[in-house]
Every structure is written in structure tokens, then in C-alpha cells.
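Student: Could you take me through this structure with some questions and answers, beginning with how exposed a residue is?

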Amino acid sequence: MASNFFGYFSNDIGIDLGTANTLVYVKDKGIVLREPSVVALDTTTRKVRAVGDEAKRMLGRTPGNITAIRPMKDGVIADFDVTEAMLRYFIRKVHNNALRVAPRVVIAIPSGITEVEKRAVKDSATHAGARDVITIPEPMAAAIGVGLPIDEPAANMIVDIGGGTTEIAIISLSGIVFSKSIRVAGDELDAAVVNYMKRAYNLLIGERTAEEIKMKIGSAYPLDEELSLEVKGRDSVAGLPKTIHITSQEIREALSDTIAAIVDAVRTTLERCPPELSADLVDRGFVMAGGGSLIRGIDRLLSEKTGLPVTVADDPLSAVANGTGAVLNDLNWVMQNV
Ligand code: ADP
Ligand code: MG
């Protein structure tokens, strides 16, 4: 696997196959693509109508003959063919459809995935035009991507809150000592907002609007200055479009049970940690990655609930992709460790 004579022309890529977003890292270039992991299909022919950004715009707005789906939604592959079509589209797109030399591909996959699914991802990437395909667990890629010294004999802990899953892992000597993946993350927070609006205001809103509310005013900890927002949807009683005003306090309350489940998972992981590594964590704390780490105050809440120092990665949405990029530069490392 050492870099060969043609290394200079390398078009090797790293892929963060996320439940919400797929990112592609091209060696020597960096992240060149970030698009939602969404595919729009023709309902009858199952033909792919759109992928990524274009498909996400269709979510919740499709006529009967088109369905927009998220093939990785819960951190497992819901549909192999669709996942393959999506991977092919993204791999081709970053190479402008001109695959002169088949790229080597490093793919970060959710740690809860089964062997069968892992095999399917590898096959999909091969069918999509890849030469060698190496998969690495997402939390490992995230830890590398945020720059944790994972090869040291010490605890490196990462908490990655994505769309479908929250992945928590403790890594030492380049190996995962303990990891936990729960299907509670950004999507569940969106669902909590949908439910709250229905319960409190008889207002029906879509998932995309709920996500927008979460991003604009969502929080896990009281804010120095609370926020408010105008929300539009459909009144479930009158059946007509309606506009209401909501506050960040209300949304924090709406999100609190889901956030408590994430806090719980982090605490359980800490309880399972071997004592020497626990001792390391007292000083080193943990790093947060994934889009969910951008919820206001979630770092502060987790720090309070665990007693550990918590840092949010500089660019949490890019951590995993950057990790796959780092791995591309050191494929020998991967052969030994993953
Ligand atoms: P995945 O790795 O599962 O694809 P990502 O790490 O890309 O997920 O994160 C996507 C999730 O992060 C979505 O649920 C999205 O709503 C959420 N997210 C992104 N930005 C923010 C933000 N500023 N505040 C709160 N949540 C956010
Ligand atoms: Mg992710």
C-alpha cells in the first residue's frame, strides 16, 4: 500500500458516509463535497431522480410519484441499492465524471453497523468505481480528524452527535477501548420540536422547519440572551396556514428529554471506562464533533453532568471527513490498526 510511482496523480478519496450528510475529501485537496445523504426516487420505476442537496429540497414536498429517502437514516443501511446509487453519484461528482484511475477509498461508517452492512458498503463503493476500499469506524475518524493523539497509551474520548446516531468512543493506542452508538441525535431533536409545536400550538410543521427552529434557537442550557422566532405551519384544527412566535426557553424544554438521553449515554460510557483511562479523562476531558455539538450550551451541560472538561471541535461537521483525509495520507497506518 505504500505510495507508488503514480502517487502524484492520486485521486484517492475519503468519505464520511453520515446519516444526515455525506462529505468527500480528495487527497491533497481537502473536503470538496458536502451534501445531504438523501436520494429522491421515482416511486414506480425506483429510478434515481436526484441526490444530495437537490433531493433534500424535495423532502416533505414530493408528489406521489417521487419519494425522497435517507438510506443511512438510523445508522444502518435501510436500502443497499439506494446507498450504492448515492455513493456512485458522489464519487463520480468529485471526479467530474472522469475516473481515469480508480480511486482508493477510505469510508467512515457508523460503529453500530453490522459485518453484512460493512460488506455492502464496500461492495457499493467498488461498484461505484473504487479500487481498494477501507472502512474505518466513524468515531475513530472523528478522533483523528479533531487531532486527538489517538496512538498514545491514554484515553482519547470523542462524542459525535450526528443526525441519526450519537457515537461515543474511548480510544487508546489507536484502538477503540469502548464505544457506544445510540439512535438518538439530531433527527430525534427535530421530532421533539414537531411534537412540541403540535401539542402546545396545534401547529403542524415539517421536519425541515423543525430542524431550522432547532438550529436557529435550540439550546441545551439557559442562554445569556434568550431568543425568539416566528414559525409558520398548518393549524391542525382549522386546517389553515398559521404563524406563531416561540421562544428559546420553550424549545429548550421541548428538546430536554432527548438531550437527557444523550447525556445518559455519555455517562454510561464513562461508567464502563477502565480506571486508568478514567483517570486520564479527568484532565483531558472529551471532544465533541458532529452537527449536534452545535446546539447552544450542550458542551456546558455535558461538562456539568460529567464533571469533565468538554471542548467542541473547531469544525465539528468536518471532523470525520478530515479524519478520513488524514488516513489517506497514511494508509500503512490503517493496514496495521483498523
Ligand atoms: P451525520 O454525521 O449523521 O451525517 P452531521 O454530523 O452531519 O450528521 O450532523 C447533522 C445533524 O446536525 C443534523 O441533525 C442537523 O440538524 C444538526 N445540526 C447541524 N448544524 C446544527 C446547528 N447549528 N445547531 C444544531 N444542530 C445542528
Ligand atoms: Mg457523522
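Student: Is Glu152 buried, partly exposed or exposed?
Tutor: Buried means under 20% relative accessible area and exposed means over 50%, with partly exposed in between (1.4 Å probe, protein chains only). Because its relative accessibility is 35%, Glu152 counts as partly exposed.

Student: Before we go on, what kind of model is this, and how is it numbered?
Tutor: This is a predicted model, in which local features need pLDDT of at least 70 and side-chain atom pairs count only at pLDDT 80 or more, while totals for chains, interfaces and linings use all residues. Side-chain values use heavy atoms, with hydrogens and water left out, residues are numbered from 1 along each chain as its sequence is written, and chains are lettered from A and ligands numbered from 1 in the order in which they are written.

Student: With which residue does Glu152 form a salt bridge?
Tutor: A salt bridge here is a side-chain nitrogen of Lys or Arg within 4 Å of a carboxyl oxygen of Asp or Glu. For Glu152 the closest N and O atoms of the pair are 3.5 Å apart, and the partner is Arg284.

Student: How many residues apart are Glu152 and Arg284, and which elements hold them?
Tutor: Helices (H or I, at least four residues) and strands (E, at least two) are DSSP runs, numbered from the N terminus. Arg284 lies in helix α8 (residues 275-284), whereas Glu152 lies in the loop between α4 (138-145) and β9 (156-161), so that the pair links distant parts of the chain, 132 residues apart.

Student: Is Asp12, which meets Arg104 in a salt bridge, buried or exposed?
Tutor: The closest approach in that salt bridge, N to O, is 2.9 Å. The pair links distant parts of the chain, with Asp12 in the segment before β1 (13-17) and Arg104 in the loop between α2 (80-94) and β7 (105-109), 92 residues apart. Arg104, at 11% relative accessibility, counts as buried. Because Asp12 has a relative accessibility of 2%, Asp12 counts as buried.

Student: How far apart along helix α6 are Lys216 and Glu212?
Tutor: These two residues form a salt bridge whose closest N and O atoms are 3.6 Å apart. Lys216 is partly exposed at 43% relative accessibility, and Glu212 is partly exposed with a relative accessible area of 43%. Both lie in helix α6 (residues 207-217), about one turn of the helix apart, that is, four residues.

Student: In what order do the five strands of the open sheet lie?
Tutor: Two strands pair if DSSP finds at least two bridges between them, and the pairing in this sheet is mixed. The edge strands, each pairing on one side only, are β11 (175-182) and β16 (310-312). Four bridges join β9 to strand β15 (residues 286-289), and these two run parallel. The full order is β11-β10-β9-β15-β16.

Student: What area is buried between domain 1 and domain 2?
Tutor: The domain bounds come from an automatic or database domain assignment, which gives domain 1 as 13-138 + 320-337 and domain 2 as 141-183 + 265-316. With contact meaning heavy atoms within 4.5 Å, 22 residues of domain 1 are in contact with 16 residues of domain 2, and the rule finds zero salt bridges across this interface. Buried area is the accessible area (1.4 Å probe) that two parts lose on being put together, summed over both. Carbon and sulfur atoms give 53% of the area buried here, which is about 1400 Å².
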